[in-house]
Amino acid sequence: MAETAHALPLDPLEPRDLVAPHHDDKSLNETLLDHVWRKPGKGWFMLLGITSAALGLLVVGVTYTLARGIGVWGNNQPVGWAFDIINFVWWVGIGHAGTLISAILLLFQQKWRTSINRFAEAMTLFAVMCAGLFPLLHTGRPWFAFWLFPYPSTLGAWAQFRSPLVWDVFAISTYLTVSALFWFVGLIPDLAALRDSSKTKLQRTIYGLFALGWRGSGRHWHNYKIAYLLLAGLSTPLVVSVHTIVSFDFAVSQIPGWHATIFPPYFVAGAVFSGFAMVITLIVPARKYLGLRDVITDRHLENMNKVILATGLLVSYGYLMEHFIAWYSMNQYEFWTFYVNRATGPYAGVYWLMIACNVITPNIFWFKKARTSIPIMWVASIAVNIGMWCERFIIIVTSLSQDFLPSSWDIYTPTWVDWCIYIGTLGLFGTLFLLFLKFVPAVAVSEVKELQLELKHAAHAAHGNGHHGSDAAATHGAH
Amino acid sequence: MEAKVLDSWVLAEFATPEALVSATQQMREKGFQGMDTYSPYPLHGGSEALGLPPSRVPFIALGGGLTGMVTALTMQTWMNTIDYPLNVGGRPLLSLPAWVPITFELSVLFAAFGIFFGLLGLSKLPQPYHPAFESEEFRSASTHGYWLSIPHPTGTDAADVKNQLTALGATHVTVVSGENE
Amino acid sequence: MNTKPDSAPAQETPSSFALPVVSGRNEAAPHAHAHDDVVNEALEHASTRAVPAEGAYGKTYWLGLEEKLATPEFLEETRPEFPVGADLPPTGFARREFMQLLGASLALAGATACSTRPQDERMVAYTKTPPEVTPGNPLHYASGMTLGGHTSGLLITAREGRPVKIEGNPQHPINQGAAGVFEQAFLLSLYDPQRARVLRQGNNPRSLRVLAEDISALVSQKAAADGGSRLRFLTEPISSPTLRDVTGRIQKKLPNARFHTFSSITDSAAAQANRALFGQPVQALYDLSRADVIVSLDADFLESRPENLALNRQFADRRDPKNGELNRLYVAEARMSITGGMADHRLRVKSAEVFGIAAALAQAVGGPAASLGAAASGKAGAPSAKVSSWVEAVAQDLKSKAGRSVVLAGERQPAAVHALAQAINAALGNVGTTVKLVPAAAPEASGLSEISALVADIKAGKVDTLVITATNPVYALPVDAGLAEVLDPKQNANRKALSVLYAGHYEDETSKFADWFVPLAHQLETWSDGRAVDGTVSIAQPLIQPLFNGVPEMELFALFLDEPFRPAYQLVRDYWAAQGGEAGRGDFETRWETWVSEGVVPGSVAAALTATPDTGAASQLVAAYQPPAAGELEINFVHDYRVLDGRFGNNAWLQETPDPITKIVWENAAILSPATAKKLGLENNHVAELEYGGRKLQVPVTILPGNADDTVTVALGYGRTGLHEVVAKDIGFNANLLRSVNAPWFDGGARLTKVRGSHKFARTQYHWRMEGRPLALDMSVSELKHPSKETEHTLERVQAKYELGKQNNLPDFDYAKTPQEGYKWGMSIDLSRCTGCNACVVACQAENNIPVVGKEQVGRGREMNWLRIDRYFQGDENDPAMVMQPVACVHCEKAPCEYVCPVNATVHSDEGLNDMVYNRCIGTRYCSNNCPYKVRRFNYLHYTQGKTPTEKMLMNPDVTVRNRGVMEKCTYCVQRIERVRINARVEKRLIQEKELQTACQQTCPTQAIAFGSLADPAQRVTQLHEDERAYRLLHELGTRPRTAHLIRLRNPNPALVPAAPAEAAPAHEGGH
Amino acid sequence: MSRLSAAMLLAVPAIAIGGLLAYVRSPLVTNQARPVEQPIEFDHRHHAGDEQIDCRYCHWTVEKSPSAGIPSTTVCMSCHAQVWNKSPYLTEVRKAFFADQPIPWVRVHNLPDFVYFNHSIHVGKGVGCATCHGRVDQMGAIEQSAPLTMSWCLDCHRNPGPNLRPPEFITSMTWAPPADKAEASALAETLLKEYDVHSRTSCSTCHR
């Protein structure tokens, strides 16, 4: 405990600041809430215009799909799933970084998470919302999708609990609910702060409504601290389970290229990989726009790049193992899938793009220069996102297009509706995100204040969630 | 709600969290009951200063988790094994391994609900109105102020308490009254 | 299903033809109709007042007619067989449509969930229930289908007055219960809303009475004037005894009138050769059950009609080692045919070389054929070394099986080849054993020479009236036949002097030139009779009143007798009543009842003739043989396996059936071998210009292993331009535009050059290699007996027993083990027997209401056929062996599709059926993804919407019509199982093996498919499951299929197997 | 206040869901208990009740076909040519008969098209008419008496015994199983054995 206390503010490996030192509570409050009160700039409106246009595409695509049927997509006989499930897995994966940052790093007492967790959690929430669209939309008869839920129907028939799709339903809805609760619980003190620093009656009423009457009571904080920690504790296995279950959609099936025991860990790693990349993609411009450089410092970005490097290596290891097992087992079908179809088949281009983006790109983060260069990391993060999308394409489309009987092999080509819906979900995500940036503090203000205090009084460094009780540590300060 | 009961509190603002914690500690030692602190983030040693017992949230969470687990297992077994047993791909009617993911998810979900609603319930939230909000200065409690409240019988003189608080370093002391919850 | 034919409806009274909507379930009738609509619909079909709608009839052409006739309430909107929009690319939607969609979605958002009683569904009961009808139960009627002058015996299932399924008549000696693709699809043509409906003179609608008066006047005038010397008839070959009687009497009345016979699908070369050889019109019938060695000289005898159904069964019975020694099939041909795919030794040669092979074979066989062969060899030139070694081995084999062998010549080969083949058969003593000669059912000469004679007469101005009942000759004839020119007013200045009456089922290419057009009644709408190739007479009874006002062909001909009107029923009955003589008249009623209900006139099988071929005539034929042009590419014209010569072009079932070899749907292609394509710099999907005889045509190219090098094969029957044949219109290219009367089937001198552009074929199978996987197993008899290490490994993979706890962790479900405990359904498919003819595919489509989706959707990989036939090539890319493997749902006991379904929409029944519950399906497609056999089909769009009331009558009411967004697949015809089960349970007995057949099994000409309960050791399917050849497809996955495939056996000639290991000849190994 | 609002927060969705579940089981959705007006006022009370005409006289295909059959107009006229042959009530029937125009009856028991119910097997295995159709002899206009939901079908398919009756009482409107429980279950046992009836709950039993 004492070591932690010593180490925290002056990490020998990482001497740079987590919060720029020139702030007190009040100025933090003003800085971090400023963007809520400020009238949004032109850039914000422009971006909102773009994202809502993309959102319009989603409406078009979905309406057309519902009116005509799934046939307006490119899906076909061997390739029953394509963009729908690719996008689903991709979005769920992106969602994982948020929970990971806020929950796992909280449990591991990584202080640097504080300034990015709100941001990342919002990302989780919106990404999971985008993801959640697809399991519904991809059904041929979405108006009967409620049959996926176990409810007492007049049919006397039930959902089938051996199906990974039902697991998905439970996993995704649990994940969405718990993420939303976690996010909201973290947001309550900040909503109270917004309420109390609001300038108009309307603002006060609205934020007051959501703040639930929070007044920073010590008795409340007493329960709050443990509740928040427990939610974090729950979210950690949950986030791992969600992508594990998503990977079961494939691993539980028979198709060569899907039927692999390595899928759960490899999917989780991939999810974190793509999630962190998405955080970088979003946070780099956002911190500039919101003027949050003081709380989201270069050190945060560098740490995230390290995570990208680590998970990227895990993903690469996953690819390696898939290929190794295909060779080692000498299973004819697996061998074909991994060595012939993927590398040289009709979708070889996507495969090599995936390798370039997911296996080669993260390795630049071995170099500190790349880790700390904003342009490089931003481009790399986008490459990783593309790469992870390609990975899902390869897993789903390529495996399905050439499975057991060569007679049924066929090619999948997406239609404009497929693209519309994909771009549309990007629009939905972006729109929600921009609204989030406008109306909710993008940084966990309360936690930053606490962190600030901790950094100031490193001697009293019991942590923010304080379940260790007071600590009579020495008093050598950081200032 | 029948007759309106008016309660009063003495509210004192302190400059730093440390001052608040030590003031609370001392006031409690003096025998004041039902005090509460208010701060934009949890106070170090705040709970101890208030002398609060360990939180009951973990037990509620455990209860929720266990409920979820039992619900999930019974639900799946009832629906797929007992009520409408169907030969699904030659798999056993009671495919317990396949029940695991949902059991896990429901445990987590119910535990999370337990935590969330437990938190709200224990904190008696949502509570949009509280007498403390009668004081305009109190608004700083959620942003940068550190406050202590001490219950005080309505209508009696609070000067003594006020003085004690000022002595402990309060920068601002006031009395609020309001309708009890 | 009860195959015992029910008795015929007594007569054509309206009450015999039930209204389509009666009590009980009717899938076709939508709920939303107010009862008036239902009644109107019903009346519309019971009546014959239906008239064309503008959707079907081209505006410019029919402008005048529409104004006169089209009153909206009687219009039936005519649409293509697939839903409107299904053929549009999803990218091509109009703005207006989009606005509608938006509107619809808004309306949906505002719709309340409150339930009110759904709009009343009406039940329209009979006024008088016909005595034979029990509403809700099917009836079976024997009937027939006449195609190219031969009549196939059919057994038709009718529900409440609508025929819903066609099967082969089990009592018919040729069909023996089997039916080919055309018989199966015959049903759809009955309900084709694009069939012609209006009798017209020029563009003016006329009543039949006006035509009758016109003809009557014409006939009496001609009879008086010149005996009809300026009157010509152009008919299909006529085998119908009644119709022959009618035409005979016409001839008597008008002795100078001439009948010309033409059908592009008759084997006129064989007829010509036989006529010359035997001095009379005879038909050679083959008995393959007694043939140990079969040599096909470009003869696609397993597919080319009319004897093919019988030949299929005989051939296939000899491919099962349980029935004794396997036969051995040699095929020499240019294009890869179905028969070629079944060959033990296939020699890939140009069609022109077949003559040389026949000659060499005749020489090698020796005896009386030798001299003929020598003469022919002189003309043919020296064969290549490869060919002569092949011929030598074949001749040896033939000689060793003298009397138990047969040589067949192909219909595309000239008469000389047929003569040589018959000479060889005679020399081997096969005549009388494997070859039987009978009098031809339609003895008149037919073929292109008839057309030439007719055209010459017209040109010479000797004709003033031409009556055409042949099917669409203007389209089906080679471009230089001249008929179109003399009929086309633009090209024939004297056209006005000629009056043309054309009777057809469609407003097609020929009807364009007709002065009078008569819409013919479908054969299932009228009484008729006809002979099969062996002489068997079937009385073909109607199943329904004419839907579109068609005129029975027989009644049309009868008009020329200028006699009082008699309906077709009367004509047929009167003719047959007269046949028995005075003696027979007494019990005629009983016999007639039997004939009609059994579908076969007993004793009508023709007696064999004893005749020896006239060698002199044969030599003359050989001497007259003109070898086709040499050089460049050899162009080969073949009949399409689906639309034949184009006459089935408007049949969407057939269009959507993949070509058995190329697997292309909805069009034809120029087929090249890989080597030739390489040489020409062409690839799949290229477009090339095909030039032949100075004529050019742009054709899409496809590469097919097995096609002979330096040949290009093009199928006839496409590029239709028939006015109202919406389905057939503008798909593929018309190869007739290149074809010449001088070389109608093959000729040298064609050129193929690549042009700009590319073409997208829609196929149901793109990959032709098995990639070394043990899928469609195929081995020689000796390999199965003495497997090599490699084969043993393969067999282990597909046949091994899985022990619980060792290789298998899932305990078995408790299925019935004895017949008393219940049923355990299973199927077996014998690859040794399967030729890949597609009959089962179309039968399945008809039985199970499988929608047609159109080329665009198939091109996207969304074909709906539950049963598909996988075709694989093995070995050398240019000269491969072919193997066919029908695959439908194999009903795995450990089904991978089931455990992934989230809503229990596909689960197992207690009898082991993999039930697919359409109404429970939400369409996640997970089952299809996880199906290793990829036999599941998904309704990506609403393929069944927009059916016209007529099309709805086609639907099998026992099978749910699937909605969009729903998965479907083979059910083992569960509707048949349940119907038979209920019958058996009501009668308190067990289901008999014979009464239950799946649709595919029932129609299969080779009996490759067996179905039944595996709990009963006596059933055929159980025995086949235990056969040493039985294996399970993808057995290693542990899915435990209920369908077993049986290894295909080949019986190679050791003399032709290169570097074969020294083994005992397989000859004695077949039987056991 | 806060507790009340919190309770409301939880109670509203619970009531909504519960209400929906109850609603779909109610006659509003199942269409029970709604007498249906027919084009011709045919009264089963009179024919099946007063006159005691056996169901099978008019619904004659019930024992051999999936469909029980809607009687053809000829069946009506077989009696009404003699009796009530001038009645104004029957004008429409006579008109339909002589014009050879079918009478468009309104369907009362309307199963979805994907459900294949077969009358012959049910009647043949001891399920009485009244079991599903109710006391038709007491209905002026026919109404649907059973909910006809799948779970209702399943109740009997899982446990057919209690719904079986001896063959001679199939069309009886008044037959009831013995009041004594033991006696009733003994009868059920006997009938199960006699009819050779098993529980059939495989999907393809009804859906094809």
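This passage describes the fold of chain B and its contact with chain A. The model is predicted, with local features requiring pLDDT of at least 70 and side-chain atom pairs counted only at pLDDT 80 or more, while totals for chains, interfaces and linings use all residues. Residues are numbered from 1 along each chain as its sequence is written, and chains are lettered from A and ligands numbered from 1 in the order in which they are written.

Chain B holds five helices and four strands, where helices (H or I, at least four residues) and strands (E, at least two) are DSSP runs numbered from the N terminus. Read from the N terminus, their order is β-α-β-α-α-α-β-α-β. An automatic or database domain assignment splits chain B into domain 1 (6-53 + 127-179) and domain 2 (57-122). The centres of these two domains, over C-alpha atoms, are 44 Å apart.

Turning to overall dimensions, the C-alpha atoms of chain B occupy a box of roughly 80 × 40 × 30 Å along the principal axes. The radius of gyration of chain B is 25 Å, against a value near 16 Å for a compact globule of 181 residues; it is taken over C-alpha atoms, and the globule rule is 2.2 Å times the number of residues to the power 0.38.

The contact between the chains (C-beta atoms, placed from the backbone, within 7 Å) involves 58 residues of chain B and 58 residues of chain A. On the chain B side, strand S2 (36-38), helix H2 (46-50), helix H3 (57-83) and helix H4 (96-122) each give two or more residues. H4(B) provides the largest share, with 16 residues.

How values were computed
Two residues are in contact if their C-beta atoms, placed from the backbone, lie within 7 Å.
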